[in-house]
Amino acid sequence: MRRLRISVDRAKCVASTLCVHTAPAVFALDATGKSSVVNPAGDTEEHILAAAEGCPVSAIVVEDADTGERLFP
Ligand code: SF4
């Protein structure tokens, strides 16, 4: 499994928790109620991309950590 770089635009995040439910080992809401990445290797690429695609405000960016290739959006 390739290494992913995942980022959450916390200014956009509206704390829907959808990403947390889709990939609970990868995303968690922090004390401010915004999503943050706790473990980029915590789930399959399929689940991580599903979380990014499901974010209602498109706050999640996923890249290949080694090549920099943008995987989503
Ligand atoms: S799915 Fe998007 S809006 Fe919802 S908690 Fe995750 S990053 Fe925030």
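**Exercise 1.** Work out which residues make up the largest nonpolar core of the chain in this predicted model, and which element gives the most to this core.

*Solution.* Start with the membership: the core has 12 residues in all, namely Leu4, Ile6, Cys19, Ala23, Val26, Phe27, Ile48, Ala51, Ala52, Cys55, Ile60 and Val62. Next, sort by element. Strand 1 (4-8), helix 2 (45-54) and strand 4 (60-64) each supply at least two of these residues. Helix 2 comes out on top, giving three. As background, nonpolar side chains in soluble globular proteins tend to be buried together.

**Exercise 2.** Take Ile48 and find what it touches, leaving out residues up to four places away in sequence.

*Solution.* Contact here means C-beta atoms within 7 Å. With that cut-off, Ile48 touches Leu4, Ile6, Ala23, Val26, Asp43 and Val62. Now check that list against the core: Leu4, Ile6, Ala23, Val26 and Val62 are among its members.

**Exercise 3.** Lay out the fold and decide how compact the chain is.

*Solution.* Count first: there are two helices and five strands. Read from the N terminus, they run β-α-β-β-α-β-β. The radius of gyration is 11 Å, close to the 11 Å from the globule rule for 73 residues, so the chain is as compact as a globular protein of that length. For contacts between residues at least 6 apart in sequence, 50% join residues at least 24 apart. As for burial, 21% of the 73 residues count as buried.

**Exercise 4.** Describe the shell around the ligand.

*Solution.* The ligand is surrounded by 14 residues, with Cys13, Ser16, Cys19, Ser35 and Cys55 the closest. By type, the shell splits into 11 nonpolar, three polar and no charged residues. Finally, cross-check with the core: Cys19 and Cys55 belong to it too.

How values were computed:
Residues numbered from 1 in each chain as written. Predicted model: local features only at pLDDT ≥ 70, side-chain atom pairs only at ≥ 80, totals over all residues. Near = placed C-beta within 6 Å. Nonpolar A, V, L, I, M, F, W, Y, C, P; charged D, E, K, R; others polar. Helix = DSSP H or I, 4+ residues; strand = E, 2+ residues; numbered from the N terminus. Rg over C-alpha atoms; globule rule 2.2 N^0.38 Å. Buried ≥ 20, exposed ≤ 12 C-beta atoms within 10 Å, placed from the backbone. Contact = placed C-beta atoms within 7 Å. Core = buried A, V, L, I, M, F, W, Y, C linked by C-beta atoms within 7 Å.
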